Amino acid sequence: MNRRIANRAGRAFIIVLCILGAALPARSTKKNGLTGWDYFKQKRYTEALECLKQDHRMWPKIHEIIDGVGWCQYFLGDHDSAEQTFKQALAINKEYRYSQMGLEYVKSARLGPITIAETMLTEGRHPEALAAFTDIVNSKTASEDLKRRALRGKGYAHYHLGQHQQALKDLTVVARADKDDALALSGIGFVQYARKNWTEAEIVFEQSLKIDPRQLEASLTYAWSAYQRGAIKPAAERFKGTIALFPASWGAWL
């Protein structure tokens, strides 16, 4: 996914190189006879970055050069630096579309791995999902929000793999960091239910469903928790409540 995004961005940006000649200084920095733009066209981003940074020092207010530096950083995987560089270019020319595009691609590149990991989890590829989530949690460049989202996914992967202690540890960290994370709370509930801790499961499911009542699996397990501890009347009321929200829920009718 990230490679497709990068290739699409590269093709789009190379188009503009054909019209930059008139706008940029004629005496661009050269290395072995090639300018930064020449290296960029060849996808030799390390050399391109070196030359364009020197150009930027000579002409610090030319937003096209700053933008070129940002794209080199992006393709080299330095998304934090690329983001700041694109913003620097936009501070000079807020309408420059390629720097605007750069910020969008940085955002997509950051979200790509988490989207892939969550798809793996949904598809039941739990060992692969666990590895993908763990990579994001351990990443040096991912934001704290993204790491927290990945840690929640990691907790769910551990849960599905039957690794309840680690699942509970991960999900508890997320829930403590964000008390409104309904999915983390529900995850804790699923772990407690799997451990047959019916009352503990009910407590966190109640908290989670107050935040987001439209969680079918959590709503069902909340009702089953009451049923399992012999509280038939509240269990029946909860199943009825689930049917009101999800009329086609076979689990609630059962």
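Here's a quick look at helix H12, one of its serines, and the pairing of helices H6 and H7. Keep in mind that this is a predicted model. H12 covers residues 216-228, and Ser225 sits in that helix. H6 (residues 97-122) and H7 (residues 126-137) have axes that come within 8 Å.

**Helix H12**
- With 13 residues, H12 reaches 18 Å from its first C-alpha to its last, close to the 18 Å expected at 1.5 Å a residue.
- Its buried residues are Ala218, Ser219, Leu220, Thr221, Tyr222, Ala223, Ser225 and Ala226.
- Those buried residues pack against four partners: helix H10 (182-194), helix H11 (198-211), helix H13 (232-245) and helix H14 (250-253).
- After H12 comes Gly230, with a positive phi near 85°.

**Ser225 up close**
- Ser225 counts as buried because its relative accessibility is 0%, against a cut-off of under 20%.
- Setting aside neighbours within four places in sequence, Ser225 touches Tyr193, Trp198, Ala201, Glu202 and Phe205.

**The H6 and H7 pair**
- The two axes cross at roughly 155°, so H6 and H7 are roughly antiparallel to each other; angles over 145 degrees fall in that class.
- The crossing of H6 past H7 is left-handed.
- On the H6 side, the contact uses Pro113, Ile114, Ala117, Glu118, Met120 and Leu121.
- H7 brings His126, Glu128, Ala129, Ala132, Phe133 and Ile136 to that contact.
- Sorted by type, the residues of the H6 and H7 contact come out as nine nonpolar, one polar and two charged.

Terms used
Residues numbered from 1 in each chain as written. Predicted model: local features only at pLDDT ≥ 70, side-chain atom pairs only at ≥ 80, totals over all residues. Heavy atoms only, no water. Helix = DSSP H or I, 4+ residues; strand = E, 2+ residues; numbered from the N terminus. Expected span 1.5 Å × (residues − 1). Buried < 20%, exposed > 50% of the residue type's maximum accessible area, 1.4 Å probe, protein only. Contact = heavy atoms within 4.5 Å. Axes fitted to C-alpha atoms, helices over the stretch in contact; angles between N-to-C directions. Parallel < 35°, antiparallel > 145°, perpendicular 65-115°, else oblique. Left-handed = near helix turned anticlockwise from the far one by under 90°. Nonpolar A, V, L, I, M, F, W, Y, C, P; charged D, E, K, R; others polar.
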